[in-house]
Amino acid sequence: MTFPPLRDELRGIEPYGAPQLDVPVCLNTNENPYGPSEACADDVAAAVREAAAGLNRYPDREHVALRTALADYLSRDTPHGIGVEQVWAANGSNEIMLQLLQAFGGPGRTAVSFAPTYSMYPEYARDTHTRWVAGRRDADFGLDLDAARALIEAERPHVVLLPSPNNPTGTALEPAAITALCELVGDDGLVVVDEAYGEFRREGTTSALELLPAHRNLVVTRTMSKAFAAAGLRLGYLAADPAICDAIRVVRLPYHLSSVTQAAALAALGHAPELLGYVDTLRAERDATVEWLRAQGLQVADSDANFVLFGTFADRHAVWQAVLDRGVLIRETGPDGWLRVSIGTPEEMTEFRDALVAAMKEQA
Ligand SMILES: *Cc1c(COP(=O)(O)O)cnc(C)c1O
């Protein structure tokens, strides 16, 4: 036996993670470039100070105050409203995904997604001993409903994971596609629509939250990491049928959300209008970036998110490196030949454009 005595299937696996490099312009993890205001930081600090006085006690396991605030926040995106009993939160939407697979995946069960898709999903499937099956999206990165239907009929998945807007392509799903998948899967499984980038969707794109009353097997996940400019907070959440929240209570760690996290998230939520004020700025910058990349003769995926996938390059690693050499970190991800850039401030995007032009000249 070699030390440490690790499970066989975990041997030799590199821990997942985007490079965290100390460079002037970081456009690689879809963070919001605009941090919280002084007033927001002060409110978070005051809330944490208050929580600190009670740290001898375990936190509210049901995090009711926070769930109530999240339900109110989500209710702006659906005419049907969202109730506190439909909301569940955890340390990032990544923990939400893990909890969903702990409860609804597992040995003998199957999770399905459609590639290109979020690269973390297969890891949660592995960690929960859930069989992982990846279908394909079509050439435009949309969902080919006939192919999806065939895959679901063949595999009978217990969990279907659909990022919308999709990471790494930025593609949002049509409500009709989500409805079709919910009906197809039926009561045998869950359809999880990961709306980590939901707030960045373009005008006229509806949130899957609107479909919740029609489908009790639908789960919509959100996060405070992206539009909400609080990636460091680690707060993700879902909206679903209350029975699904009850099932998660069985697998969650006791007191999984610390008093400090709950207090900080609640205080930050009080600043929602200000934190979200930058969303329109970022959407405009995104649309301008798409246009500019197309004007360079590149292929660019339509984006409803705060990042853009573009290509294709014969040697994308060389382009990524040449851009990095100029102080701009983007992401080498997605299908072969494509690169992804997160939307930053106008100054950062100027740096990106200059670096990319120089890198492309170098490669020509
Ligand atoms: C960034 C991202 C998340 C957010 O994860 P957190 O754990 O909430 O920070 C979730 N899903 C997708 C597809 C993402 O790209």
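Helices here are DSSP runs of H or I with at least four residues, strands are DSSP runs of E with at least two, and both are numbered from the N terminus. In this predicted model, the chain holds 11 helices and 12 strands. Its radius of gyration is 21 Å, close to the 21 Å that the globule rule gives for 364 residues, so the chain is as compact as a globular protein of that length.

**Overall fold**

- Measured out along the principal axes, the box filled by the C-alpha atoms of the chain is roughly 60 × 55 × 55 Å.
- Buried residues make up 54% of the 364 in the chain.
- Taking contacts between residues at least 6 apart in sequence, 74% join residues at least 24 apart.
- The chain has an accessible surface of about 16,100 Å², and carbon and sulfur atoms account for 51% of that surface.
- The chain carries 31 positive and 50 negative charges, and the mean positions of these two sets lie 4 Å apart.

**Helix α6**

- Helix α6 spans residues 175-185 and is mostly covered, with 8 of its 11 residues buried.
- These buried residues are Ala177, Ile178, Thr179, Ala180, Leu181, Cys182, Leu184 and Val185.
- The elements they pack against are helix α5 (145-155) and the strands β5 (159-163), β6 (190-194) and β7 (218-223).
- Gly186, just after α6, has a positive phi of about 60 degrees.
- Pro168 sits in the loop between β5 and α6, and a cis peptide bond with omega of about 20 degrees joins Asn167 to Pro168.

**Sheet β9-β10-β12**

- Three strands form an open sheet in the order β9-β10-β12, and their pairing is antiparallel.
- β9 (299-300) and β12 (339-342) are the edge strands, each pairing on one side only.
- Strands of a sheet pair through backbone hydrogen bonds, in either a parallel or an antiparallel sense.
- Between β9 and β10 (residues 307-311) there are 2 bridges, and Val300 has Phe310 of β10 as its bridge partner.
- Between β10 and β12 there are 4 bridges, and here Phe310 stands opposite Leu339 of β12.
- From β12, Leu339 and Val341 point one way while Arg340 and Ser342 point the other way, and all of them are buried.
- Thr312 is in the loop between β10 and α10 (316-325), and the peptide bond joining Gly311 and Thr312 is cis, with omega of about -10 degrees.

**Arg331**

- Arg331 is placed in the loop between β11 (328-329) and β12.
- Buried means under 20% relative accessible area, so Arg331, with a value of 12%, is buried.
- Apart from neighbours within four places in sequence, Arg331 contacts Tyr16, Ala18, Leu27, Asn28, Trp320, Leu339 and Arg340.
- Two of these contacts, Leu339 and Arg340, are also among the buried residues of β12.
- Arg331 and Val319 are 12 residues apart along the chain, and their C-alpha atoms are separated by 11 Å.

**Residues in α1 and α8**

- Helix α1 (residues 38-52) contains Asp42, which counts as partly exposed because its relative accessibility is 49%.
- The C-alpha atoms of Asp42 and Ala268 are 9.9 Å apart, although 226 residues separate the two along the chain.
- Helix α8 (residues 259-269) contains Gln262, which counts as buried because its relative accessibility is 11%.
- Not counting residues up to four places away in sequence, Gln262 touches Pro59, Asp60, His63, Leu66 and Leu257.

**Positive phi outside glycine**

- Most residues other than glycine have a negative phi, and most peptide bonds are trans.
- Asn30, in the loop between β1 (25-26) and α1, has a positive phi near 60 degrees.
- With a relative accessibility of 0%, Asn30 counts as buried.
- Tyr255, in the loop between α7 (242-251) and α8, has a positive phi of about 55 degrees although it is not a glycine.
- With a relative accessibility of 28%, Tyr255 counts as partly exposed.

Note on methods:
Residues numbered from 1 in each chain as written. Predicted model: local features only at pLDDT ≥ 70, side-chain atom pairs only at ≥ 80, totals over all residues. Heavy atoms only, no water. Rg over C-alpha atoms; globule rule 2.2 N^0.38 Å. Buried < 20%, exposed > 50% of the residue type's maximum accessible area, 1.4 Å probe, protein only. Contact = heavy atoms within 4.5 Å. Areas by Shrake-Rupley, 256 points an atom, 1.4 Å probe, with all protein chains shown as cover. Lys, Arg positive; Asp, Glu negative; His and termini not counted. Charge placed at Lys NZ, Arg CZ, Asp CG, Glu CD. Pairing = 2+ DSSP bridges.
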